[in-house]
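Reader: Please take a close look at one sheet pairing. Then show me what lies around it and elsewhere in the fold.

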Amino acid sequence: MNTNTTGATAESAAETVAELCEERELVVVSNREPYSHAREEGRLTVDRPAGGLTAALDPVMQAAEGTWVAWGDGDADREVVGPDDAVAVPPDDPAYDLRRVWLTDEQVEGYYRGYSNRVLWPLCHLDTAKMTPREEFWRAYRETNSEFADALLDSTADADRDPVVWFQDYHLALAPRAVRESRSDAFLAHFWHIPWPSQDVFRACPQYEQLLDGLLANDLVGFHTDEYCRNFLDCVESATDARVDRSSRSVAHRGQRTFVRALPLGIDARRQADLAERDAADEWWADFREEEGIDPSTSVAVGVERLDYTKGIEPRLRALERFWADNPEWRGELTYVQKGTESRSGIPAYDALQKRVADAVERVNDRFATEEWTPVVYTTDHLPEEAIAALYREADLGLVTPVRDGMNLVAKEFVAAQTRDPGLLVLSELAGATDQLGDEALLVHPYDTAGFADRLGDALALSRAERRRRVADLQREVHAEDVYDWLESTFETAAAIERGRRSVRTTGPRATDD
């Protein structure tokens, strides 16, 4: 089963970029780099983007022939750059420059592990109890954002016109202001990939005013959902003297108008469907099922995520435990496969979570397992893309139940991989993806253990015809609003804003001065 909806492509997105940029350089700025270099047994290797945002942006950047500024964290990254700390990529057919920013161990600890992931991440996911707002974290975040801005400015210093710059995510909230102060006519856009909290939660961060000031240096700030846009405008209105125009969803601040838009991120749905149909996926699933003793007649539920406290793994295991306790007829008839990827090890909240998840799996298995059946099959092994796609494809239920999530692309990957007998998406009502997928997924509240367990029974009882109908509707959505549609929509929005800026320059006072 596969929906081959023809929508935007990397080529059409690149055409929209060309309209926006004209003779201006496109610069993408992100924490993560699209290519990294390493030494393996003395041989230089290149890690290429396999999926996600970097993989989607890579062909667009190749067409635009711009610059990508990112943290160089590969152990051989320094070996291949020139005096300007840049290397042309892709290696086999260079099309754009990757400008690397070098971070010290202290910066990684303070800017990345510290402020980004121990302040902004829990704040935006409504878990302020896990915030650790240390002064040294903030100092490292400020300094590192300044270094990203300096690298960007240096890489475009010889350009005849100010660049078009697209910042990615919460790691770089301050960099736009530094760039704006040096290149006042640059077009700056920023996409915030995680939730934006309500204004009362946001004020729990000691530096909320500085963060807002940094983001309001952009011409465009994008979020996944309308709710996050409203929350952002509420924060600006309550915490600054900026003028908020709700009708146009824009903010006038320090001589600059910033437009705020909902631009939900998608996936490369066609590629995901292709992965699910590869021979490697079939071979991996056959081997995995045999190794883990999963009977072919057994129903399978699957969860795939990083081991992050926002992903709802512990509440999900409690719901499954309740389901098997309340429905003994499903013991031996439903196997749950949890693929976890260790994340941010060394941060106490993550180290503790990894132990709690392992303990919970052991508890459930000790309670229900038989000689022939293991209720929860748990793996943290690295799996190739085809293996993940096979897990999705073979699952009768895809359990995507975060306690808070900006979007959650696993939900969309699961849907796109339903190329054969369709499985049903069970989705948390607290995920951003619910705005797009909630009508045909079965919604649960991750903390309602009894209700969640009941919903699992409802999902397993659905007829094959009903599953097919729901999945077909979900696939139309996921294929139509894929990552290339997101790219095209973002650049079309940016181009319209830029046309408005040019009009103001040529016909009268700036729109921000009214």
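Author: Start at the end of one strand: phenylalanine 223 stands opposite alanine 262 in β12. This is a predicted model, in which local features need pLDDT of at least 70, side-chain atom pairs count only at pLDDT 80 or more, and totals for chains, interfaces and linings use all residues. Residues are numbered from 1 along each chain as its sequence is written, and side-chain values use heavy atoms, without hydrogens or water.

Phenylalanine 223 belongs to β9, residues 220–223. Strand β9 runs parallel to β12, residues 256–262, and four bridges join the two. (Strands are DSSP E runs of at least two residues, helices H or I runs of at least four, numbered from the N terminus; two strands pair at two bridges or more.)

β12 has another partner. Strand β11, residues 250–253, pairs with β12 in the antiparallel sense, again over four bridges. Here alanine 252 faces arginine 257 of β12. Two residues separate the strands of this hairpin, and arginine 254 adopts a positive phi near 55°.

Now go back to the start of β9. Its residue Leu220 helps line the largest cavity. That cavity holds about 60 Å³. (On a 1 Å grid over the protein atoms alone, a cavity is a set of points where a 1.4 Å probe fits but cannot get out; a pocket is open, with protein on both sides within 12 Å along at least five of seven lines; lining residues have an atom within 4 Å of a point. Points join across faces, edges and corners, and volume is the space filled by probe spheres set on them.) The other lining residues are Leu20, Leu26, Val164, Val165, Trp166, Phe187, Ala189, Thr490, Phe491 and Ala494. At least two come from each of β7 (164–168), β8 (187–191) and α19 (483–507). The lining counts 10 nonpolar residues, one polar and no charged. (Nonpolar means Ala, Val, Leu, Ile, Met, Phe, Trp, Tyr, Cys or Pro; charged means Asp, Glu, Lys or Arg; the others, Gly among them, are polar.) The model has three cavities of 30 Å³ or more.

Two helices come next, α8 (208–215) and α9 (226–239). Their axes come within 11 Å and cross at roughly 120°. (Axes are lines fitted to C-alpha atoms, for helices over the stretch in contact; angles run from 0 to 180 degrees between N-to-C directions.) Tyr208, Glu209, Leu212 and Leu215 of α8 meet Phe232, Cys235, Val236 and Ala239 of α9 (contact: heavy atoms within 4.5 Å). Seven of these residues are nonpolar, none polar and one charged.

Elsewhere, six strands make an open parallel sheet, ordered β15-β14-β13-β16-β17-β18. Its edges are β15 (376–379) and β18 (442–444), each paired on one side only. From one strand to the next the twist averages 20°. Helix α14 (385–394) packs on this sheet, touching β13 (299–306) and β14 (334–341), and its direction makes about 140° with that of β13. Within the sheet, β16 (397–400) and β17 (424–428) share four bridges. Valine 400 sits opposite leucine 427 in β17.

Last, the second largest pocket, with about 240 Å³ of space. Of its 17 lining residues, Asp127, Tyr309, Thr310, Val403 and Tyr447 are closest to the centre. Helices α12 (313–326) and α13 (348–368) each supply at least two lining residues, and α12 gives the most, four. This lining divides into seven nonpolar, three polar and seven charged residues.
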